[in-house]
Amino acid sequence: LLGLDTTDVEITGTDGYTNLSKYEEQMKRNSADGGKNLVIFDADSAANAGGFEIREKYLLEIKSTLGMDFELFLYPDNKSDGMFEDLLEKLITEQHKPITECFEKYQECIARNNEAGEYSLPIQKTKMYAYIDAIKKTQAQEKAFKNGDWFFANKSLWEFSVTDLNPLKNFLTTNISKPPTV
């Protein structure tokens, strides 16, 4: 997608930013072996005890305290509160944007009918899941979706040339070696 050589790129899930310190030794070994550590998390918002400034401060304190070496990017754009799903929503093609409007009406309906406070508003992750779930799929695609495939290679679903993606693209191209030109 970005023309980067990702042959030697290894992605390790941490199950959340609060677990980053558990990867101290792995990251230090990678640095000692000449590797580069990239840390990417949601910035989140004040509603869940986060936000760009708070999350950045927390992660940079871990980096400093433990002597870890890494470059940091926080979704959606490395400067604002938000999360991966906020960025994803901006990548939805024009053809399918009405699907997200349907979901927003659903959320409004729940809020309108929640005087007793018995309902929880569906979160952004649910909205993005509902978007992909609503797309007609073959049986094999349905199985792939249930196993975590969000069909990012499908250009009718996702638009990767939007400017909202530039901060992440710049972060990755700056920090991952480009293939040699021939």
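# Exercises on a predicted model

D15 is exposed, at a relative accessible area of 72% (exposed is over 50%, buried under 20%, partly exposed in between, with a 1.4 Å probe and protein chains only). The model is predicted, so local features need pLDDT of at least 70 and side-chain atom pairs count only at pLDDT 80 or more, while totals for chains, interfaces and linings use all residues. Residues are numbered from 1 along each chain as its sequence is written, and side-chain values use heavy atoms, with hydrogens and water left out.

## Exercise 1: Backbone oddities

Task: find out which residues here have a positive phi without being glycine, and look for a cis peptide bond.

Solution.

1. Start with D15, whose phi is near 60° although the residue is not a glycine. D15 sits in the segment before α1 (helices are DSSP runs of H or I with at least four residues, strands are E runs with at least two, and numbering goes from the N terminus).
2. Move on to N78, where phi is near 65°, again positive in a residue other than glycine. N78 belongs to the loop between β2 and α3 and counts as partly exposed at 28% relative accessibility.
3. Now check omega: going from Y75 to P76, the peptide bond is cis, with omega near 10°. P76 is in the loop between β2 and α3.

## Exercise 2: The overall layout

Task: work out how many helices and strands the protein has, and in what order the elements run.

Solution.

1. Count the elements: seven helices and two strands.
2. Read them off from the N terminus and you get α-β-α-β-α-α-α-α-α.
3. For the dimensions, the C-alpha trace spans about 55 × 45 × 30 Å along its principal axes.
4. Buried residues account for 35% of the 182 residues. The protein exposes about 11,900 Å², with carbon and sulfur atoms supplying 50% of that (areas come from the Shrake-Rupley method with a 1.4 Å probe, and for residues only the protein chains shown count as cover).
5. Take contacts between residues at least 6 apart in sequence: 62% of them join residues at least 24 apart (a contact means heavy atoms within 4.5 Å).

## Exercise 3: The nonpolar core

Task: which residues touch the most other members of the largest nonpolar core?

Solution.

1. Recall the background: in soluble globular proteins, nonpolar side chains tend to be buried together.
2. The largest core holds 23 residues, and I132 and W158 touch the most other members (a core is a set of buried Ala, Val, Leu, Ile, Met, Phe, Trp, Tyr and Cys residues joined through side-chain atoms within 4.5 Å). At least two residues of this core come from each of β2 (71–75), α3 (84–91), α5 (124–134) and α7 (166–175).
3. Look up the contacts of W158: leaving out residues up to four places away in sequence, W158 touches L88, L91, I92, T93, Y131, I132, W150, F151 and F152.
4. Zoom in on α3, whose buried residues are E85, L87, L88, E89 and L91. Their cover includes β1 (38–42), β2, α4 (97–112), α5 and α7.

## Exercise 4: Two pockets

Task: what are the volumes and linings of the largest and second largest pockets?

Solution.

1. The largest pocket has about 1,900 Å³ of space. Pockets are found on a 1 Å grid over the protein atoms alone: each is an open set of points where a 1.4 Å probe fits, with protein on both sides within 12 Å along at least five of seven lines, and lining residues have an atom within 4 Å of a point. Volume is the space filled by probe spheres set on the points, which are joined across faces, edges and corners.
2. Its lining has 49 residues, with V9, E10, I11, L38 and I40 nearest the centre. By class, that lining divides into 24 nonpolar, twelve polar and 13 charged.
3. The second largest pocket has about 160 Å³, and its lining includes D42, D44, N48 and D86.

## Exercise 5: Buried polar residues

Task: are R55 and Q124 buried or exposed, and what do they touch?

Solution.

1. R55, in helix α2 (residues 52–66), is buried because its relative accessibility is 1%. Beyond four places in sequence, R55 touches Y17, D42, A43, D44, N48, A49, G50 and L74.
2. Q124, in helix α5, is buried too, at 14%. With the same sequence cut-off, Q124 touches M83, E85, D86 and E89.

Notes
Ala, Val, Leu, Ile, Met, Phe, Trp, Tyr, Cys and Pro count as nonpolar, Asp, Glu, Lys and Arg as charged, and the others, Gly among them, as polar.
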